[in-house]
Amino acid sequence: MQPMQRRIIYIIILILGFVWILVSADPSGMSSAGNISAPQQGFPAPDIALKTPQGETVRLADLRGQAVLVNLWATWCPPCRAEMQTIETIYNEYKDQGFTVLGVNMTYQDAPLEIIPFVNEQKLTFPILLDETGDMASAYQLKSLPSSFFIDRAGFIDEVVIGGPMSEALLRTRVEKILK
């Protein structure tokens, strides 16, 4: 193919891409996904129902009245791995005060055979849930791993922490706040 033909093809592709953006844009300026924004501080936490590796279903709504940390993670994620022991320490320290952790593995983008060995190796005792279809990632509009959602006893998101690893001081401060 000649250089001039290549340029013409590139220009046509650019023009078609631009036309596609214009045609598919929502004139109201809202996302075509609707009016639902990413879960954020002050809003109700989206309810989830996911299975544990043992096949039990856990619903976030059933934990109303408890302070909850929803932590989205994967075994391949170094910051996720780095913060797990800190989360386990804080969980054990505050669980008798009505605090729980839901460690939600992004199974749909992880290596399923590595999850249980990782949990056992880390000696994690908080509930581990499996997002096998990406429904949780979609409901919580996952942007990065790890992502942590601190949910108060009434079911409202008190804080969102994107990225990690979270320090023990940060975790302790956030947990004590949602326990009030």
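**Exercise 1. Determine whether Ile115 is buried or exposed, and describe its surroundings.**

Solution. Step 1: Ile115 has a relative accessible area of 2%, so this residue is buried; buried means under 20% relative accessible area, exposed over 50%, and partly exposed in between, with a 1.4 Å probe and protein chains only. The model is a predicted one, in which local features need pLDDT of at least 70 and side-chain atom pairs count only at pLDDT 80 or more, while totals for chains, interfaces and linings use all residues. Residues are numbered from 1 along each chain as its sequence is written, and side-chain values use heavy atoms, with hydrogens and water left out.

Step 2: Ile115 belongs to helix α3, residues 112-122. Helices (H or I, at least four residues) and strands (E, at least two) are DSSP runs, numbered from the N terminus.

Step 3: Not counting residues up to four places away in sequence, Ile115 touches Trp73, Thr75, Asn105, Thr107, Asp110 and Leu130; contact means heavy atoms within 4.5 Å.

Step 4: Trp76 is 39 residues from Ile115 in sequence, and their C-alpha atoms are 9.8 Å apart in space.

**Exercise 2. Describe how strand β3 is joined to strand β4, and state how each is covered.**

Solution. Step 1: β3 and β4 (residues 99-105) run parallel and are joined by seven bridges; two strands pair if DSSP finds at least two bridges between them.

Step 2: In β4, Val101 is the bridge partner of Leu69, and Val104 is that of Leu72.

Step 3: Strand β3 spans residues 67-73, and seven of its seven residues are buried. Ala67, Leu69, Asn71 and Trp73 point one way from β3, whereas Val68, Val70 and Leu72 point the other way.

Step 4: In β4, too, seven of the seven residues are buried. Phe99, Val101, Gly103 and Asn105 point one way from β4, and Thr100, Leu102 and Val104 the other way.

**Exercise 3. Identify the residues with the most contacts inside the largest nonpolar core, and list the contacts of Leu102.**

Solution. Step 1: A nonpolar core is a set of buried Ala, Val, Leu, Ile, Met, Phe, Trp, Tyr and Cys residues joined through side-chain atoms within 4.5 Å. In soluble globular proteins, nonpolar side chains tend to be buried together.

Step 2: The largest such core has 47 residues, and Leu60, Val70, Phe99 and Leu102 have the most contacts inside it.

Step 3: With its neighbours within four places in sequence left aside, Leu102 is in contact with Ile48, Val58, Leu60, Leu63, Val68, Leu69, Val70, Asn71, Pro127 and Leu129.

**Exercise 4. Locate the disulfide and assign its handedness.**

Solution. Step 1: A search of the whole structure finds one disulfide, defined as a pair of cysteine sulfur atoms within 2.5 Å.

Step 2: The disulfide is formed by Cys77 and Cys80, with their sulfur atoms 2.4 Å apart. Both Cys77 and Cys80 are buried.

Step 3: The torsion about the S-S bond of Cys77 and Cys80 is about 75°, so the disulfide is right-handed.

**Exercise 5. Characterise the crossing of helices α2 and α5.**

Solution. Step 1: The axes of α2 (residues 78-94) and α5 (residues 168-179) come within 10 Å and cross at roughly 35°. Axes are lines fitted to C-alpha atoms, for helices over the stretch in contact, and angles run from 0 to 180 degrees between N-to-C directions.

Step 2: This crossing of α2 and α5 is right-handed; a crossing is left-handed if the near helix is turned anticlockwise from the far one by less than a right angle, and right-handed if clockwise.

Step 3: Thr86, Ile87, Ile90, Glu93 and Tyr94 in α2 meet Glu168, Leu171, Arg172, Val175, Glu176 and Leu179 in α5.

**Exercise 6. Describe the backbone at Lys123, Pro146 and Pro165.**

Solution. Step 1: Most residues other than glycine have a negative phi, and most peptide bonds are trans.

Step 2: Lys123 is not a glycine, yet its phi is positive, near 55°. Lys123 is found in the loop between α3 and β5 (128-130), and counts as exposed at 64% relative accessibility.

Step 3: Leu145 and Pro146 are joined by a cis peptide bond with omega about -10°, and Pro146 is in the loop between α4 (135-139) and β6.

Step 4: The peptide bond from Gly164 to Pro165 is also cis, with omega near 5°; Pro165 lies in the loop between β7 and α5.
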